[in-house]
Amino acid sequence: MFACLDLGGTNIRGTWIDSRGRSGQVDLQPRPRSLEGTKESLISLIGRIQGQAPERLSGIGLATAGPLDHRRKTYLRTSNMPELDHFRVGAFLEEAFSLPVLMENDAQAAALGEVWAGGLAGRTEAVVLTLGTGVGSGVIMGGTIWRANHFTGPELGHIHLGFGRPRCGCGQEGCAETWLNKQALMDLFQEQGHAVTELREMLPLVRQGDEGAAAAMRHYGERAGLYFSILQVTFGMRAIGLSGGLSSFIPYCEASIWETLKSRFEHRPWWIPETIAVSPDPEMSALKGMARAFVLQPAQAADRGFENGGSRNLQGKTRQG
Ligand SMILES: [Zn+2]
């Protein structure tokens with residue numbers, strides 16, 4: 001049984017999850033905008049999870065916005081949480097709780113959660129996108145996170161999709177993220193005359209069948225379809241998974257996503273994925289992924305050797321297998 005946390009720019013969430021996917025209630029609190037405040041929040045949240053968990057915890061899994069180094073369990077230079085720059089959160093939590101800690105990029109954790117116990121349960125190959133303030137990604141191969149040659153894994157939200165949007169947080173112009181994130185969808189609604197500023201104002205319009213909202217969703221679906229077609233020629237996956245706050249909008253633009261894919265791949269229909277699956281519970285994707293990360297790497301957790309100082313690390317494991 002693991003304490004699984006999701007630390008984002010705005011909130012810290014967490015609960016206990018066991019190796020079969022059972023979980024407790026999610027505890028959510030705003031994240032203080034200071035390093036000391038964040039540390040205190042982490043300690044008190046994990047303490048509460050410890051108190052509520054029906055069994056003793058055997059690890060702490062932290063899914064978080066990055067950039068981060070999952071091997072050293074440390075933040076790198078972040079853009080939206082500068083107070084956490086170079087914070088060695090793994091060492092901090094290991095010392096505080098004497099438990100092994102795993103750290104993952106939140107979108108990669110979400111991908112793992114979706115193929116384990118989400119919309120793509122049972123699949124071992126998939127690209128999973130987390131649509132929200134940004135566009136995060138995780139590529140699952142052989143049932144686990146594919147990290148490519150660099151440890152961070154592919155950052156599919158930064159594929160160039162065409163100019164005409166504001167510069168991306170990564171410094172480039174034209175990233176898919178800027179065409180498909182929350183701001184992009186809001187801009188499409190505003191072009192249709194809806195002065196919306198929050199997703200919760202937009203979903204009712206879509207559900208009511210508002211014409212402008214339907215047009216905005218159609219346009220969004222065409223962009224998403226174009227983007228997915230690029231991912232399909234790259235990865236050729238049978239399944240694409242979607243999580244994050246924006247994923248609940250996908251059923252309302254699914255038709256234009258499929259139309260776009262079919263028209264682009266008219267002469268290569270085998271490039272069309274079998275399924276595009278929206279997460280049944282986007283709030284849980286990354287949390288479940290962290291529990292799964294422990295299940296997939298029990299040797300690693302043991303190998304951290306907390307009793308003997310935790311000096312052996314992943315590198316040896318990686319070379320072996
Ligand atoms: Zn970018």
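**View 1. Helix 3 across a sheet.** In this predicted model, helix 3 lies across strand 8, strand 9, strand 10 and strand 11 (239–243). Against strand 9, the helix runs at about 50 degrees. The sheet underneath is an open one of 5 strands, in the order 10-9-8-11-12, and its pairing is mixed. Strand 10 (144–145) and strand 12 (275–278) are the edge strands, each pairing on one side only. Have a look at strand 8 (residues 126–131) and strand 9 (residues 135–141) too: they run antiparallel and are joined by 6 bridges. If you want a residue pair to find your way by, take A126, whose bridge partner in strand 9 is I140.

**View 2. Where the two domains touch.** The domain assignment splits the chain into domain 1 (2–108 + 289–320) and domain 2 (121–280). Taken over C-alpha atoms, their centres are 28 Å apart. Each side puts residues into the contact: 10 from domain 1 and 10 from domain 2. Which element gives the largest share of the side of domain 1 that touches domain 2? That would be helix 3 (residues 106–117), with 3 residues. Sorted by class, this side of domain 1 has 3 nonpolar, 4 polar and 3 charged residues.

**View 3. The sheet with strand 1 in it.** Here is another open sheet of 5 strands, with the order 3-2-1-4-7 and mixed pairing. Strand 3 (27–30) and strand 7 (101–105) sit at the edges with a single partner strand each, so one side of each has no neighbour in the sheet. From one strand to the next, the twist averages 15 degrees. Helix 1 (residues 35–52) packs on this sheet and touches strand 1, strand 2, strand 3 and strand 4. The direction of helix 1 makes about 25 degrees with that of strand 2. Helix 9 (residues 285–296) also comes into the picture, lying across strand 1, strand 2, strand 4 and strand 7. With strand 4, helix 9 makes an angle of about 135 degrees.

**View 4. Strand 1 and its two partners.** Zoom in on strand 1 (residues 2–7): 6 of its 6 residues are buried, so the strand is largely enclosed by the rest of the structure. Both faces are covered, with F2, C4 and D6 buried on one side and A3, L5 and L7 buried on the other. Strand 1 pairs with strand 2 (residues 11–17) in the antiparallel sense, over 6 bridges. A hairpin makes the link between these two strands through 3 residues, and L7 stands opposite I12 of strand 2. With strand 4 (residues 59–64), strand 1 pairs in the parallel sense, over 6 bridges. On that side, A3 has I60 as its bridge partner.

**View 5. Strand 7, a covered edge.** Strand 7 stands at an edge of its sheet, but are its residues buried or exposed? Buried, 5 of the 5, so strand 7 is largely enclosed by the rest of the structure. V101, M103 and N105 point one way and L102 and E104 the other, and all are buried. Strand 7 runs parallel to strand 4, and 5 bridges join the two. To spot the register, start from A63 and look for its bridge partner E104 in strand 7.

**View 6. Helix 5 and the side it buries.** Four names to pick out in helix 5 (residues 182–191) are its buried residues, A184, L185, L188 and F189. They cover an arc of only 140 degrees around the axis, which puts them on the same side of the helix. The spacing fits a general rule: an α-helix has 3.6 residues a turn, so residues three or four places apart point the same way. What do the buried residues of helix 5 pack against? Their neighbours are helix 4 (176–180), helix 6 (199–207) and helix 7 (211–235). Follow the chain just past helix 5 and you come to G193, which takes a positive phi of about 90 degrees.

Definitions and conventions: Residues numbered from 1 in each chain as written. Predicted model: local features only at pLDDT ≥ 70, side-chain atom pairs only at ≥ 80, totals over all residues. Buried ≥ 20, exposed ≤ 12 C-beta atoms within 10 Å, placed from the backbone. Arc of directions from axis to C-beta. Contact = placed C-beta atoms within 7 Å. Domains from an automatic or database assignment. Nonpolar A, V, L, I, M, F, W, Y, C, P; charged D, E, K, R; others polar. Pairing = 2+ DSSP bridges. Axes fitted to C-alpha atoms, helices over the stretch in contact; angles between N-to-C directions.
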